[in-house]
Amino acid sequence: MASVLAVVLFAEALGIAALNWFLGVVVDRQDMSLAGLDPHMMATSSKIGGVVFGLYFALCGLVALLVALRNRAPAGLGRVLLISAAVVHGLLGAFSWGLVGPSAFLYMVLVLGLIVLLLMTYDRPAEPAGPAPEGGGDDGSPVTSPPAPTTG
């Protein structure tokens, strides 16, 4: 399951980077200004944004791949990256319904579900470190509560 998520995130990283690069090329060739903005600057920022988001999703895919290879829960920065990717996919899913259509929404919800499933599947409670100490109340004696505080 984590390997499927890794493949999906790698494909999404490539798709996001390619789409933004293509949009940057289109804006550059149009040579039109939007509210006085420099078209070259808009094209450059679209390309840079595509590369940054592509690297972000590729890094999230790398975390998912490491989870699949190690068969351990993500920890630290990897867990934060996957949680942030889940939030991003939730927001993109909410916006994509109106802007792109139901198919894009379903894709975003599918990826969101895969990320949440990965985070929940590998989230196991910590195992006890060792045996319980001797005389820990397992001898059948009743447990007594501490004395009530006095006001005095």
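What is the volume of the largest pocket? In this predicted model, the largest pocket comes out at about 230 Å³. Its lining is made up of Ile16, Phe53, Phe57, Val88, Leu92, Ser96, Leu99, Val100, Ala104 and Met108. Sorted by chemistry, that lining holds 9 nonpolar residues and 1 polar one, with no charged residues. Helix H2 (39-70), H3 and helix H4 (102-121) each put in at least two residues, and H3 gives the most, with 4.

Next comes the second largest pocket, with a volume of about 160 Å³. Val63, Leu66, Val67, Arg70, Arg72, Ala73, Pro74, Ala75 and Gly78 line this one. Here H2 is the top contributor, with 4 residues. The mix of side chains in the lining of the second largest pocket runs to 6 nonpolar, 1 polar and 2 charged; the lining of the largest pocket, by contrast, has no charged residues.

On the outside of the model, Ile83, Val87, Leu91, Phe95, Leu99 and Val100 make a nonpolar surface patch of about 660 Å². Leu99 and Val100 turn up in this patch and also in the lining of the largest pocket. Another patch member, Leu91, sits in helix H3 (residues 77-99). Is Leu91 buried or exposed, or somewhere in between? Leu91 counts as partly exposed because its relative accessibility is 49%, and that label covers values between the 20% cut-off for buried and the 50% cut-off for exposed.

How values were computed. Residues are numbered from 1 along each chain as its sequence is written. This is a predicted model: local features need pLDDT of at least 70, side-chain atom pairs count only at pLDDT 80 or more; totals for chains, interfaces and linings use all residues. Side-chain values use heavy atoms; hydrogens and water are left out. Patches are made of residues with over 30% relative accessible area and no salt bridge: like charges are joined within 9 Å, nonpolar side chains (Val, Leu, Ile, Met, Phe, Trp, Tyr) within 5 Å. Accessible areas come from the Shrake-Rupley method with a 1.4 Å probe; for residues, only the protein chains shown count as cover. A salt bridge is a side-chain nitrogen of Lys or Arg within 4 Å of a carboxyl oxygen of Asp or Glu. Buried means under 20% relative accessible area, exposed over 50%, partly exposed in between (1.4 Å probe, protein chains only). On a 1 Å grid over the protein atoms alone, a cavity is a set of points where a 1.4 Å probe fits but cannot get out, and a pocket is an open set with protein on both sides within 12 Å along at least five of seven lines; lining residues have an atom within 4 Å of a point. Grid points are joined across faces, edges and corners, and a volume is the space filled by probe spheres set on the points. Ala, Val, Leu, Ile, Met, Phe, Trp, Tyr, Cys and Pro count as nonpolar, Asp, Glu, Lys and Arg as charged, and the others, Gly among them, as polar.
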